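Biologist: Could you take a close look at one part of this predicted model for me, the surroundings of a single histidine, and then work outwards from there? I'd like one connected walk through it rather than a list.

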Amino acid sequence: MKNVLFNLIAFALLLGVCASAQQTDNSLIVKVQISGLADGTTIAVRLGATHLNEKLIVSDRLKSGAVQLIISTNEPRLYQLYVDDTYGAVDFMANKGDEVVIQANANLQSGQGEKAYCSFSNVQIQGSEYHLQFLQKMGARFRLETWMNESVKQYDDVRAQLGKAFASKDTVQINRIKQTDSYKALTALEGSFYRKMEFTCDSS
C-alpha cells in the first residue's frame with residue numbers, strides 16, 4: 001500500500017514539474033528559408049514597432065538557404081526579420097510556444113547611404129495565430145505598401161545610381177541625379193504614398 005501511495009505521489013509531482021516546465025518555456029522558434037542570398041549571410045531578428053534603434057536580439061548564418069532562430073519572449077510581440085547591416089525587413093508577430101516558418105525571396109542591392117537594401121518578395125509566414133490577426137488588422141496598409149513596392153520598380157535605375165553616389169559621397173553626382181525628371185517623379189510618388197498612408201492610418 002505504501003508503495004502504491006508513493007508511486008501516486010511521485011506521479012503527481014512529475015505532472016506538476018512537467019506543467020511548470022511548459023509554463024516557463026518562453027521559447028519562440030523561427031525557421032527561415034530564403035532564396036537569393038549567399039550561404040554565410042547573417043540573418044537577424046529585432047523587435048519591431050518600438051520607434052527605437054533596436055539592436056538584433058538573435059542572429060545566425062544561412063546554410064543551404066536556411067536558418068533556425070530561437071527567441072525568448074513572455075508575450076506576443078512584433079518582430080522584424082532582416083539581413084544584418086542592411087535596410088529592409090519582414091514583419092511578423094508571434095508568441096512563446098509558436099513555431100514560425102518564414103519563406104521568402106531576397107534581393108540585395110545598393111541603397112541610399114552606406115548600407116545596402118534588401119527587398120523581400122513572395123513572403124509566406126505560417127505557424128502563428130497572432131500573425132494572422134496582425135495581417136487582418138493591417139490589411140489596408142499592406143495593400144498600400146504592395147502598391148508602392150510595385151510602382152517604385154520603374155525607378156530602380158535612378159535609385160541604384162543615387163545609392164552609389166551616396167556610398168561614394170559624390171555630392172556633384174547626387175545633385176545632378178536630383179535634377180532629373182526620373183528622380184522628381186520618384187519623389188512625387190513617395191509623397192503620394194505617404195499621404196495615402198496617413199489617410200489610411202487615420203481612417204483605421
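Modeller: Histidine 131 sits in helix H2, which covers residues 129-137. Its relative accessibility is 4%, and the cut-off for buried is under 20%, so histidine 131 counts as buried. Leaving out anything within four places in sequence, the contacts of histidine 131 are Asp91, Phe92, Met93 and Ile125. For a sense of how the chain folds back here, take proline 76: 55 residues separate it from histidine 131 along the chain, yet their C-alpha atoms are 9.5 Å apart.

Pick up Phe92 from that contact list, since the aromatic story starts there. The structure has one aromatic pair. Its members are tyrosine 79 and phenylalanine 92, with ring centres 5.5 Å apart and planes at 25°; stacked means planes under 30 degrees apart, so this pair is stacked. Tyrosine 79 belongs to strand E5 (residues 77-83) and phenylalanine 92 to strand E7 (residues 90-94), so the pair links distant parts of the chain, 13 residues apart. How buried or exposed are the two partners? Tyrosine 79 is buried at a relative accessible area of 2%, and phenylalanine 92 is buried too, at 0%.

Asp91, another contact of histidine 131, takes us to some empty space. Asp91 is one of the residues lining the second largest pocket, which holds about 150 Å³. The rest of that lining is Ala49, His51, Leu78, Gln80, Phe134, Met138, Arg141 and Phe142. Sorted by class, you get five nonpolar, two polar and two charged residues around the second largest pocket. The elements that contribute two or more residues to this lining are E5 and helix H3 (139-151). Strand E5 therefore turns up twice in this tour: tyrosine 79 of the stacked pair is in it, and it helps line the pocket.

Now for the charges over rings. The charged end of arginine 46 sits over the ring of tyrosine 82, 4.0 Å from the ring centre. A second case has lysine 115 with its charged end over the ring of tyrosine 87, this time 5.3 Å from the centre. Tyrosine 87 is in strand E6 (residues 86-87). With 41% relative accessibility, tyrosine 87 counts as partly exposed.

Follow tyrosine 87 across to another stretch of chain. Tyrosine 117 is 30 residues away from tyrosine 87 along the chain, but their C-alpha atoms are separated by 4.6 Å. Cysteine 118 is 31 residues from tyrosine 87 in sequence, with a C-alpha to C-alpha distance of 6.1 Å. Cysteine 118 belongs to strand E9 (residues 116-126) and is buried, at a relative accessible area of 1%. Setting aside residues up to four places away in sequence, cysteine 118 touches Val83, Thr86, Tyr87, Gly88, Ala106, Asn107 and Leu108.

Strand E9 has something for a backbone person as well: asparagine 122 is in it. Asparagine 122 has a positive phi, about 50°, despite not being a glycine. In contrast with buried cysteine 118, asparagine 122 is exposed, with a relative accessible area of 60%.

Lysine 169 is another one to check on your phi plot: its phi is positive at about 55°, and it isn't a glycine either. Lysine 169 is in the loop between H4 and helix H5 (171-178), and it is exposed at a relative accessible area of 62%.

Helix H4 itself, residues 156-167, contains valine 158. At 8% relative accessibility, valine 158 counts as buried. Its contacts, not counting residues up to four places away in sequence, are Ile177, Thr180, Ser182, Tyr183 and Leu186. One of those, threonine 180, lies 22 residues from valine 158 along the chain, with 9.0 Å between the C-alpha atoms.

Zooming out to finish: the protein's secondary structure comes to six helices and nine strands, and 32% of its 204 residues count as buried. Of the contacts between residues at least 6 apart in sequence, 60% join residues at least 24 apart.

Key. Residues are numbered from 1 along each chain as its sequence is written. This is a predicted model: local features need pLDDT of at least 70, side-chain atom pairs count only at pLDDT 80 or more; totals for chains, interfaces and linings use all residues. Side-chain values use heavy atoms; hydrogens and water are left out. Rings of Phe, Tyr and Trp (its six-membered ring) pair if their centres lie within 6.5 Å; planes under 30 degrees apart count as stacked, over 60 as edge-to-face and the rest as tilted. Helices (H or I, at least four residues) and strands (E, at least two) are DSSP runs, numbered from the N terminus. Buried means under 20% relative accessible area, exposed over 50%, partly exposed in between (1.4 Å probe, protein chains only). A charge sits over a ring if NZ of Lys or CZ of Arg is within 6 Å of the ring centre and within 35 degrees of the ring normal. On a 1 Å grid over the protein atoms alone, a cavity is a set of points where a 1.4 Å probe fits but cannot get out, and a pocket is an open set with protein on both sides within 12 Å along at least five of seven lines; lining residues have an atom within 4 Å of a point. Grid points are joined across faces, edges and corners, and a volume is the space filled by probe spheres set on the points. Ala, Val, Leu, Ile, Met, Phe, Trp, Tyr, Cys and Pro count as nonpolar, Asp, Glu, Lys and Arg as charged, and the others, Gly among them, as polar. Contact means heavy atoms within 4.5 Å.
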